[in-house]
Amino acid sequence: MQDYNKYVTAINKIFDYLTKMKTGWNSVDNTTYIEKIEEYKQLVAAKATDIKNTNTDTLEALGND
C-alpha cells in the first residue's frame, strides 16, 4: 500500500505542476506540449489502480535466494 500512496502523491504533484505551468505560460507551444502530457492522465490513474490491486507479498526480495 505504501507504493500506491507514493505513486499517487507523485502523480498528483506532477499534474498539479503542469496545471500551474499551463496557466503561467503564454507560449502556445508550451501549452500544446502540456496538453499532450495531460492526455496520459487517465492512463496513469488506471495504473494506480493496478498498483493498489497488486499483492506485493508475493514478490521475492532481491538477495533472498
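Begin by selecting E38 and K22, whose side chains meet in a salt bridge with an N to O distance of 3.3 Å. E38 belongs to helix α2 and K22 to helix α1, so this pair ties together parts that are 16 residues apart in sequence. The coordinates come from a predicted model.

Display the two residues by solvent exposure next. E38 has a relative accessibility of 24% and therefore counts as partly exposed. K22 is likewise assigned to the partly exposed class, at 28%.

Keep K22 selected and add E35. K22 also forms a salt bridge with E35, and here the closest N and O atoms are 3.5 Å apart. Since K22 lies in helix α1 and E35 in helix α2, the contact ties together parts that are 13 residues apart in sequence. The relative accessible area of E35 is 37%, which makes this residue partly exposed. With K22, E35 and E38 shown together, the selection displays a network of salt bridges that links the three residues. As a general principle, side chains of opposite charge can pair when their charged atoms come close.

Now switch to a cartoon of the whole chain. The chain contains 3 helices and 0 strands, and its elements run α-α-α from the N terminus on.

Select residues 2-24, which form helix α1. Does the end-to-end distance of α1 agree or disagree with the expected span? At 1.5 Å a residue, the 23 residues should span 33 Å, and the end C-alpha atoms are 33 Å apart, so the two values agree.

Within α1, show the side chains of Y4, I11, F15 and L18, which are buried. Against which elements do the buried residues of α1 pack? Their partners are α2 (28-38) and α3 (41-53), so both helices should be made visible for this view.

Proceed to α3 and select K47 and D50. These two residues form a salt bridge, with the closest N and O atoms 3.7 Å apart. Both lie in helix α3, separated by 3 residues, about one turn of the helix. K47, at 43% relative accessibility, counts as partly exposed, and D50 is partly exposed at 41%. In total, the structure holds 4 salt bridges, among them the pairs K22 with E35, E38 with K22 and K47 with D50.

Finish with a surface representation of the full chain. The accessible surface comes to about 5600 Å², and 53% of that area belongs to carbon and sulfur atoms. Of the 65 residues in the chain, 12% are buried.

Note on methods
Residues are numbered from 1 along each chain as its sequence is written. This is a predicted model: local features need pLDDT of at least 70, side-chain atom pairs count only at pLDDT 80 or more; totals for chains, interfaces and linings use all residues. Side-chain values use heavy atoms; hydrogens and water are left out. Helices (H or I, at least four residues) and strands (E, at least two) are DSSP runs, numbered from the N terminus. Buried means under 20% relative accessible area, exposed over 50%, partly exposed in between (1.4 Å probe, protein chains only). Accessible areas come from the Shrake-Rupley method with a 1.4 Å probe; for residues, only the protein chains shown count as cover. The expected span of a helix is 1.5 Å times one less than its number of residues. Contact means heavy atoms within 4.5 Å.
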